[in-house]
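The following exercises are to be worked with the sequence and the three-dimensional structure at hand. Each task is followed by a solution in steps.

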Amino acid sequence: MGLGSKSEPFHREGQAWFCTTGLPTDVTIEVGEMSFHIHKFPLLSRSGLLEKLIEEFSCEDGSECVLQLHDIPGGAKAFELIAKFCYGVKVEFTALNVVGLRCAAEYLLMTEDYGEGNLISQTEVFFNEVFGDWTYTIKALETCEEVQSYAEELHIVSRCIDSLAMKACADPNLFNWPVSGCNNFQNPAGTVLWNGISSETKPQPLGDDWWFEDVSFLSLPLYKQLILAVEPKGMKPENIAASVIYYAKRHLSLMNRQSSFNDANHVNPGTTISSTSEAYQRALLEEIVVLLPNKKGITPTKFLLRMLRTAMILHASPSCRENLEKRVGTQLDQAVLVDLLIPNMGYSVETLYDIDCVKRILDHFMSLYQAPASSPNIIEEDQLMSGTDTLTPMTMVASLVDGYLAEVAPDVNLKLPKFQALAAVIPEYARPLEDGIYHAIDIYLKAHPWLTDSEREQLCRLMNCQKLSLDASTHAAQNERLPLRVIVQVLFFEQLRLRTSISGWFFVSDNLENSQNPNASLGLPKNDASCQTDPVQDRVVGVDDIKERVSKLENECSSIKMELQKLAKTKRSWSIFPKKLGFGRRPPCSSKES
């Protein structure tokens, strides 16, 4: 938009502008380091402030009038355009200069009282054109930072925010608003031109994230106002969270680094974070955390954990870290192990990973999902079989924690009470199998061979030997790192499981025999065909074999009990037990050996 029709009457010499109309100038206006040598009359006819200042200066003496306008919004660039406007020279309004001109016009009191079609009214008319275009509005909003106090007072910022929020919440394909992401050149007829050749191909429709990149260039205060404006206009929380994540990844440089011990306190040689940059990044992160929607599952757990790691590197406020820990805790079942391995950022580093942080996250999860402690048996039998929503996250977190314990167990600085405290948070009913916790305990025992027998006993109380799988039981029965009492328990429950399975075979075989031979139960004679095939006779032989094996197992159990009594007295080696129950089975021993 252009105003005025006269030719250019100014020329610049160094840090000064001179009017070349032929008449001597009678006023000098200084704006910053620039000075403007111009005439009084064009200014008096357009500006109430300049009229007042010139009259006050003229009353003092008859010397040349020199005015200082160092506080004018927009500085020397804005006043240059205003001076041309006062002289009637053509001025081009753009989205980049209209905000500064509007604020400067307000500062100089360029109202309709000092001429019809003055600068205030002209800029307001142009704003209507700016607000109708997404890209123009973005550019105008970015320039508000240069004159923020004036732009806020004149409600320019709020009007730009409202315009952007309305367009972001609406469908751009429906209203056909120009968007900076759509750079296809089109001819007047609307047909897309590619390399000068007409094509009837329609442009691809825009997704919900079409506005993320444009608003990510805004400063944090302006971006925050925009996010707060789109929420009441119906923006989905998922889209808000996605936009905030996009903004965070653009402005938080540490978010784009991989988790490693080379960050923060473990920086590479020559790599530092300046105090100014660190303070800015810390303030930025704390504000971004507040902007994230509170609804569970909206923000990915992976992103929250990376934010938490970055907050620890930047030494963010305790309230910020607590906020992130609680957000992660509410959806811990969606986390993966690699993201949970947060390096220890404390000044007094005891362990490689921040186990205390994971413990706090886990405690928050348990406060939301843990069932009442009054009926653990009901939970184990009913919910575990039915797979209710309450138990499914619990079992997932139990598996996650067992994996985490296995990862941190090799750390020689990890104290036993801390390992136990983290493992004990998971209730027993949340683990259908104890293989995961057994694996973590075995790694911890291997990395801490100096543990006493009582400490080993205490550590092994974290697992239920009755819930070990066959493979885990076989491994545990031959594990020299486990206490003797635990190995005996494993052997006992393994034999009990075997006897239960054999009893089940008897039950199935009997039912199968009766179902396929109904005449026997009724005392009816068999026909010739049944006598010829006689499949039941074969099964009877199989049942006899099973009965014989059970008898041998009972004798073997009695022998084991006798051996245990001898071991308790003589404290001999216990390597015979795996053999007695068939682990690494050898040919039967002679009577002398037994």
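Helices (H or I, at least four residues) and strands (E, at least two) are DSSP runs, numbered from the N terminus, and two strands pair if DSSP finds at least two bridges between them. The model is predicted: local features need pLDDT of at least 70, side-chain atom pairs count only at pLDDT 80 or more, and totals for chains, interfaces and linings use all residues. Residues are numbered from 1 along each chain as its sequence is written, and side-chain values use heavy atoms, with hydrogens and water left out.

**Exercise 1. The sheet**

Determine the strand order of the open sheet of 5 strands, and state which residue of strand 5 stands opposite W17.

Solution.
Step 1. The order is 2-3-5-4-6, and the pairing is mixed.
Step 2. Strand 2 (10-13) and strand 6 (65-68) each have a single partner strand and form the edges, so one side of each is left without a neighbour in the sheet.
Step 3. From one strand to the next, the twist averages 20 degrees; angles run from 0 to 180 degrees between N-to-C directions, and axes are lines fitted to C-alpha atoms, for helices over the stretch in contact.
Step 4. Strand 3 (residues 16-19) and strand 5 (residues 34-38) run parallel and are joined by 3 bridges. Opposite W17 stands F36 in strand 5.

**Exercise 2. The surroundings of strand 5**

Identify the strands that helix 3 lies across, and decide whether S35 is buried or exposed.

Solution.
Step 1. Helix 3 (residues 75-86) lies across strand 2, strand 3, strand 4 (27-31) and strand 5. Its direction is at about 10 degrees to that of strand 5.
Step 2. S35 is located in strand 5. Its relative accessibility is 14%, so S35 counts as buried (buried means under 20% relative accessible area, exposed over 50%, partly exposed in between, with a 1.4 Å probe and protein chains only).
Step 3. Leaving aside residues up to four places away in sequence, S35 touches Q15, A16, W17, T28, I29 and E30, where contact means heavy atoms within 4.5 Å.

**Exercise 3. Salt bridges**

State how many salt bridges the model contains, and describe the one between R102 and E106, the one between E287 and K224 and the one between R431 and D402.

Solution.
Step 1. A salt bridge is a side-chain nitrogen of Lys or Arg within 4 Å of a carboxyl oxygen of Asp or Glu. The count by this rule is 15.
Step 2. R102 and E106 form a salt bridge at 2.8 Å, N to O. Both residues belong to helix 4 (residues 98-107) and are 4 residues apart, about one turn of the helix. R102 is buried at 8% relative accessibility, whereas E106 is partly exposed at 32%.
Step 3. The side chains of E287 and K224 meet at 2.9 Å, N to O. E287 lies in helix 13 (residues 275-291) and K224 in helix 11 (residues 220-230), so this pair ties together parts that are 63 residues apart in sequence. E287 is partly exposed at 29% relative accessibility, and K224 is partly exposed at 28%.
Step 4. R431 and D402 meet in a salt bridge of 2.9 Å, N to O. R431 is in the loop between helix 20 (416-424) and helix 21 (435-447), and D402 is in helix 19 (residues 391-408), so the pair ties together parts 29 residues apart in sequence. R431 is buried at 3% relative accessibility, and D402 is buried at 6%.
Step 5. Through shared partners, salt bridges join R102, E106, E124 and R159 into one network.

**Exercise 4. Helix 14**

Compare the span of helix 14 with the expected value, and explain why helix 14 is described as largely enclosed.

Solution.
Step 1. Helix 14 (residues 301-313) has 13 residues and reaches 18 Å from its first C-alpha to its last. This is close to the expected 18 Å, the expected span being 1.5 Å times one less than the number of residues.
Step 2. Of the 13 residues of helix 14, 12 are buried, so the helix is largely enclosed by the rest of the structure. Among them are F303, L304, L305, R306 and R309.
Step 3. H315 follows helix 14 and has a positive phi, near 55 degrees.

**Exercise 5. Aromatic pairs**

Classify the ring pair formed by F93 and F126.

Solution.
Step 1. Rings of Phe, Tyr and Trp (its six-membered ring) pair if their centres lie within 6.5 Å; planes under 30 degrees apart count as stacked, over 60 as edge-to-face and the rest as tilted. The whole structure holds 10 aromatic pairs.
Step 2. The ring centres of F93 and F126 are 5.9 Å apart and the planes stand at 65 degrees, so the pair is edge-to-face.
Step 3. F93 is in the loop between strand 7 (91-92) and helix 4, and F126 is in helix 5 (residues 119-131), 33 residues apart. Both F93 and F126 are buried.
Step 4. Ring pairs also link W211, F212 and Y246 into a cluster.
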